Amino acid sequence: MQELKDRIMRDGHCLEGGILKVDNFINHQMDPTLMKACAIEFVRLFANEKFNKIVTIEASGIAPAILVGSLLNLPVVFAKKKVPSTMDNYLMTEVFSFTKRRSYEIVVDKRFLGPNDRVLFIDDFLANGNAAKGVLDLVNQSGSSLAGMGFIIEKAFQQGGEELRRQGIHVESLAIVESLDNCEIKLR
């Protein structure tokens, strides 16, 4: 997706430790036109897959997921990072955040993810694949099945995408970062 790649090169910033900051257009302040273009591309890339729900994790995955859901007229379920006091029947797993450098539990109400569901997971970043593995665990716990996983940006140097693809998962990334060595952004 050339529009996304151009934007990363123009407005993205590299930080020490392999961190790509895109918070000025993807995951803090958002560019709705770019987000819609990403959603349209996800719809195109997963057009041959059958699914009835979009799943993501709060918070950065919600915007692209809701736009994909809107385009396909499908519900969007987001895993919450805290168990609400009103939720008493849920699925839970633990996820380690690369950027926050801590683990947290994610939960989904069992009413919204079950054996009759086939899901598409949408998120902003794929690095080591921890969020994706957490969602895969929730999918397995629920008895639902996975149609595929879509990411706005994949960091190829962190192996998450390679590991998911080796498992036979249909993974699509709209922009792939080959390297952030010396804080220089190199895209595939």
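How are α1 and α2 oriented to each other? The axes of helix α1 (residues 2-11) and helix α2 (residues 32-45) come within 10 Å and cross at roughly 140°, and α1 and α2 are therefore oblique to each other. The model is predicted, with local features needing pLDDT of at least 70 and side-chain atom pairs pLDDT 80 or more, while totals for chains, interfaces and linings use all residues. Residues are numbered from 1 along each chain as its sequence is written, and side-chain values rest on heavy atoms, with hydrogens and water left out.

A few conventions help here. Helices (H or I, at least four residues) and strands (E, at least two) are DSSP runs numbered from the N terminus. Axes are lines fitted to C-alpha atoms, for helices over the stretch in contact, with angles from 0 to 180 degrees between N-to-C directions. Angles under 35 degrees count as roughly parallel, over 145 as roughly antiparallel, 65 to 115 as roughly perpendicular, and the rest as oblique.

In the first pairing, Glu 3, Leu 4 and Arg 7 of α1 meet Leu 34, Ala 37 and Cys 38 of α2, where contact means heavy atoms within 4.5 Å. By class, this contact of α1 with α2 has 4 nonpolar, no polar and 2 charged residues.

Helix α2 also packs with α3 (62-72). Their axes come within 9 Å and cross at roughly 60°, so α2 and α3 are likewise oblique to each other. On the α2 side, the contact is made by Met 35, Lys 36, Ala 39, Ile 40, Phe 42 and Val 43; α3 contributes Ala 63, Pro 64, Leu 67, Val 68, Leu 71 and Leu 72. The contact of α2 with α3 has 11 nonpolar, no polar and 1 charged residues.

The buried residues of α3 (under 20% relative accessible area, 1.4 Å probe, protein chains only) are Ala 63, Pro 64, Ala 65, Val 68 and Gly 69. These pack against α2, β3 (53-57), β4 (76-79), β7 and β8. Just after α3, Asn 73 takes a positive phi of about 55°.

Turning to the interior, the largest nonpolar core (buried Ala, Val, Leu, Ile, Met, Phe, Trp, Tyr and Cys residues joined through side-chain atoms within 4.5 Å) has 30 residues, of which Leu 4, Ile 8, Leu 20, Ile 26, Ile 152 and Ile 153 touch the most other members. The largest share of this core, 6 residues, comes from α2. Beyond its neighbours within four places in sequence, Ile 8 is in contact with Leu 20, Phe 25, Ile 153, Ala 175, Ile 185 and Leu 187. A second, separate core of 25 residues includes Val 55, Val 108, Ala 132 and Val 135.

Technical notes. Ala, Val, Leu, Ile, Met, Phe, Trp, Tyr, Cys and Pro count as nonpolar, Asp, Glu, Lys and Arg as charged, and the others, Gly among them, as polar. Buried means under 20% relative accessible area, exposed over 50%, partly exposed in between (1.4 Å probe, protein chains only).
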